[in-house]
Amino acid sequence: MALDSKIPEGPISEKWTHYKDHINLVNPANKRNLDIIVVGTGLAGGSAAATLAELGYNVKAFCFQDSPRRAHSIAAQGGINAAKNYQGDGDSTFRLFYDTVKGGDYRAREANVHRLAEVSANIIDQCVAQGVPLAREYGGLLDNRSFGGTLVSRTFYAKGQTGQQLLLGAYSAMNRQIGRGKIKMYNRHEMLELVVVNGKARGIIARNLITGEIERHSAHAVVIGSGGYGNVFFLSTNAMGSNATAAWKIHKKGAFFANPCYTQIHPTCIPVSGDHQSKLTLMSESLRNDGRIWVPKSLEDAKAIREGRKKPTDLSEDQRDYYLERRYPAFGNLVPRDIASRAAKERCDAGFGVNKTGEAVYLDFASAIERYGRDQAKIKHLDENDAALVKKLGTEVVESKYGNLFQMYEKIVDENPYVTPMMIYPAVHYTMGGTWVDYNLMTTIPGCFSIGESNFSDHGANRLGASALMQGLADGYFVLPYTIGDYLAPDIKMGKIPTNTPEFDEAEKAVRDQLEKFINNNGKHSVDHFHKKLGKIMWDKVGMARNAKGLTEAISEIAELREEFYRDVKVPGTLDGFNQELEKAMRVADFLELGELFAKDALHRNESCGGHFREEYQTPDGEAQRDDENFAYVAAWEYKGKPSDAVLHKEPLVFDNVKLVQRSYK
Ligand SMILES: Cc1cc2nc3c(=O)[nH]c(=O)nc-3n(C[C@H](O)[C@H](O)[C@H](O)COP(=O)(O)OP(=O)(O)OC[C@H]3O[C@@H](n4cnc5c(N)ncnc54)[C@H](O)[C@@H]3O)c2cc1C
């Protein structure tokens with residue numbers, strides 16, 4: 001099957017407008033005859049469900065949590081990008097487009113990214129109209145901060161809780177429609193299969209997670225907004241429930257899976273502290289606006305710190321190596337995440353790590369506290385040479401900007417980050433890969449759409465910070481509501497889709513069989529036992545640095561682990577009730593397949609780009625070395641029975657509006 005990305009003709013800045021002007025529309029009366037299933041109520045699914053219902057469609061929305069408000073989107077801390085140029089610092093739609101394409105290491109589709117930049121400003125207007133309390137400056141204008149990989153300040157935020165506030169906005173919009181009966185909300189329901197009728201997505205099979213009941217739901221189109229698959233690594237900054245099942249089930253039904261190996265490792269997370277952990281905690285990238293990253297200059301000092309003989313505050317300025325400022329003077333601590341992560345690993349691998357395991361670097365706010373303190377002393381006509389006063393005033397400013405993050409750090413690590421620098425280390429955070437979609441956000445299954453983190457569309461091989469919220473809301477509020485109409489226009493007279501058909505029978509049977517298999521398996525080990533093993537293979541061999549040998553080993557180890565899992569997993573409890581072990585078993589079964597495809601994708605991509613770092617392909621100074629001649633394409637995998645048989649399809653990437661150069665942030 002040839003991939004058709006359906007990118008409209010014309011100059012890049014006019015594609016979306018022109019396309020919208022000529023798209024098929026469904027008139028308001030006919031929208032009432034059309035049903036749409038939305039799986040996921042995070043920022044992508046929530047905004048889509050609310051908007052589609054507002055337009056008049058009948059929406060059925062599903063989430064596995066007890067409320068849409070608990071979607072993983074709520075965890076987003078730092079902010080959301082938009083090309084508003086409120087700071088007057090040179091921002092524009094083109095610059096946001098350019099930064100995003102470059103940030104993704106030239107592995108994203110230009111037309112989609114430009115559309116994203118175009119609608120970014122609308123998102124902020126929409127959210128402000130909903131009452132989302134985005135941070136404001138003293139004069140009342142919306143405030144911005146800087147994120148990595150850009151030279152402008154375009155990140156809108158709500159303290160360290162941006163995702164939560166945006167989600168409350170989307171949730172309010174959804175609730176209005178739930179009240180009107182236009183959205184039927186299915187909390188605590190997990191989609192476990194897609195139903196395809198005559199080649200088109202026409203429904204899903206979902207399990208009621210409270211009663212265990214298996215349900216059939218039909219619709220004229222199905223939208224997947226189920227989030228990312230970072231938890232294939234077991235430990236990640238994602239919510240523990242985040243999983244790949246919805247995306248993987250549609251993949252097995254015919255949706256191609258694109259660039260599975262593109263994963264973002266976030267540089268500023270609280271380091272792993274032991275085997276007991278089931279989750280990692282992010283320290284927002286916004287902290288890199290003010291925090292400076294360093295390790296000791298000498299190996300002796302690093303050793304003394306690890307052994308507790310020295311404290312970081314014992315080291316003078318000239319004994320510290322601010323390695324990002326040294327290596328990347330133009331962007332300094334605000335280099336993109338992939339670069340900051342690798343630089344931390346490089347220092348730690350060289351023996352300069354500062355925690356007991358040698359896998360941590362410092363994020364230090366002392367300079368910012370001093371700088372802000374002096375500013376405040378000047379403003380308040382106080383003595384700027386009074387060190388204690390300056391420290392107190394500066395601490396207050398830092399607390400007002402990042403207080404909740406500092407508090408979170410202190411609760412977890414039991415150290416006061418206003419006094420001792422934070423310790424941080426890279427951790428799995430975001431997956432840029434996902435289901436392949438065309439310009440309409442439709443997968444290779446007609447009528448099955450994918451939005452937000454679950455699709456692959458806009459971030460290439462590396463996501464710039466604050467771009468995921470922008471993409472999820474762009475997809476849900478401003479893109480899908482147009483493009484889905486174009487698809488649905490011919491279906492207006494079709495009537496309800498029946499669920500008593502062989503396609504629904506077959507899909508339901510597949511789900512029941514799998515659930516029963518797990519309950520009756522009676523093996524020896526818990527689901528987590530296998531998930532942890534998978535995570536270790538992924539982190540060691542498919543993680544921050546990859547090579548052909550490790551990837552080849554990972555592929556066979558994951559396949560073996562999958563067999564062992566089916567042989568030996570024990571799932572206690574019953575089918576007909578609340579059973580979290582059973583939920584996990586279904587999810588881990590899918591991770592065990594996805595993990596193998598992930599490694600296969602990483603092995604085939606003989607280049608380094610963004611977050612995909614192949615040790616064999618690096619510049620003499622350790623930067624990612626792309627191969628545009630051979631790999632400037634989207635790798636879209638077609639399922640053929642098992643991951644090892646997946647067939648590769650290539651969507652060539654054409655760059656007409658940005659110049660393909662090796663990325664530099666120096
Ligand atoms: C700690 C953290 C901080 C972050 N901070 C930022 C930030 O500051 N700025 C930024 O731009 N990005 C940030 N990100 C990334 C961003 O939060 C996510 O990419 C984004 O929120 C994903 O939104 P989503 O709607 O696609 O998916 P999610 O929010 O993950 O929602 C998924 C939804 O799908 C449902 N679901 C999944 N599977 C099924 C199924 N089988 N059946 C039924 N329902 C299902 C879930 O119940 C949920 O409702 C952060 C990520 C993390 C981990």
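**Exercise 1. Find the distance and the exposure of the E307–R309 pair.**

Step 1. The side chains of E307 and R309 meet in a salt bridge, 2.8 Å from N to O. A salt bridge here is a side-chain nitrogen of Lys or Arg within 4 Å of a carboxyl oxygen of Asp or Glu.

Step 2. E307 has a relative accessible area of 46%, so E307 is partly exposed. R309 reaches 55% and is exposed. The cut-offs are under 20% for buried, over 50% for exposed, and partly exposed in between (1.4 Å probe, protein chains only).

A note on the source: this is a predicted model, in which local features need pLDDT of at least 70 and side-chain atom pairs count only at pLDDT 80 or more, while totals for chains, interfaces and linings use all residues. Residues are numbered from 1 along each chain as its sequence is written, and side-chain values use heavy atoms, with hydrogens and water left out.

**Exercise 2. Work out which parts of the chain the salt bridges of E285 and R327 link.**

Step 1. Take E285. Its salt-bridge partner is R337, with the closest N and O atoms 2.3 Å apart.

Step 2. Place both residues. E285 sits in the loop between β11 (263-269) and β12 (292-296), and R337 in helix α10 (residues 337-352). The pair links distant parts of the chain, 52 residues apart. Helices (H or I, at least four residues) and strands (E, at least two) are DSSP runs, numbered from the N terminus.

Step 3. Check burial. E285 has 1% relative accessibility, so E285 counts as buried. R337, at 4%, counts as buried too.

Step 4. Take R327. It forms a salt bridge with E623, the closest N and O atoms being 3.5 Å apart. R327 lies in helix α9 (residues 323-327), and E623 in the loop between α17 and α18 (628-631), so the pair ties together parts that are 296 residues apart in sequence. E623 is buried, with a relative accessible area of 14%.

Step 5. Look for a network. Salt bridges that share partners join D105, R107, D338, R342, R605, E607, R626, D628 and R663 into one network. The count of salt bridges comes to 58.

**Exercise 3. Compare the span of helix α15 with its expected value, then find where its buried residues lie.**

Step 1. Helix α15 covers residues 527-542, which is 16 residues. The expected span is 1.5 Å times one less than the number of residues.

Step 2. That rule gives 22 Å. The end C-alpha atoms are 21 Å apart, which agrees.

Step 3. List the buried residues: V527, F530, H531, L534, G535, I537, M538, K541 and V542.

Step 4. Look down the axis. The buried residues of α15 fall within an arc of 165 degrees, so they line one face of the helix. The arc is that of the directions from the helix axis to the C-beta atoms. An α-helix has 3.6 residues a turn, so residues three or four places apart point the same way.

Step 5. Find the partners. The buried residues of α15 pack against α16 (548-568) and α17 (580-604). Contact means heavy atoms within 4.5 Å.

**Exercise 4. Describe the surroundings of L582 and R562.**

Step 1. L582 lies in helix α17. Its relative accessible area is 0%, so L582 is buried.

Step 2. Leave out residues up to four places away in sequence. L582 then touches R207, L515, F518, I519, V571, T574 and L575.

Step 3. R562 has its place in helix α16. At 13% relative accessibility, R562 counts as buried. With the same sequence limit of four places, R562 touches L592, E593, E596 and P643.

**Exercise 5. Identify the backbone atoms that contact the ligand.**

Step 1. Of the 37 residues around the ligand, Q65, S73, G78, M191 and E453 come nearest. A residue is near a molecule if one of its heavy atoms lies within 4 Å of it.

Step 2. A ligand nitrogen is 2.7 Å from a polar backbone atom of M191. For G79, a ligand nitrogen is 2.8 Å from a polar backbone atom. A ligand oxygen is 3.1 Å from a polar backbone atom of A468.

**Exercise 6. Find the phi angles of N198 and D414.**

Step 1. Most residues other than glycine have a negative phi.

Step 2. N198 has a positive phi of about 50 degrees, although N198 is not a glycine. N198 lies in the loop between β6 (189-197) and β7 (200-208). N198 is exposed, at 74%.

Step 3. D414 has a positive phi of about 65 degrees and is not a glycine. D414 is found in the loop between α12 (387-413) and β15 (422-431). At 68% relative accessibility, D414 counts as exposed.

Terms used
Polar contact = N/O pair within 3.5 Å; in protein donor to acceptor, adjacent residues only side chain to side chain.
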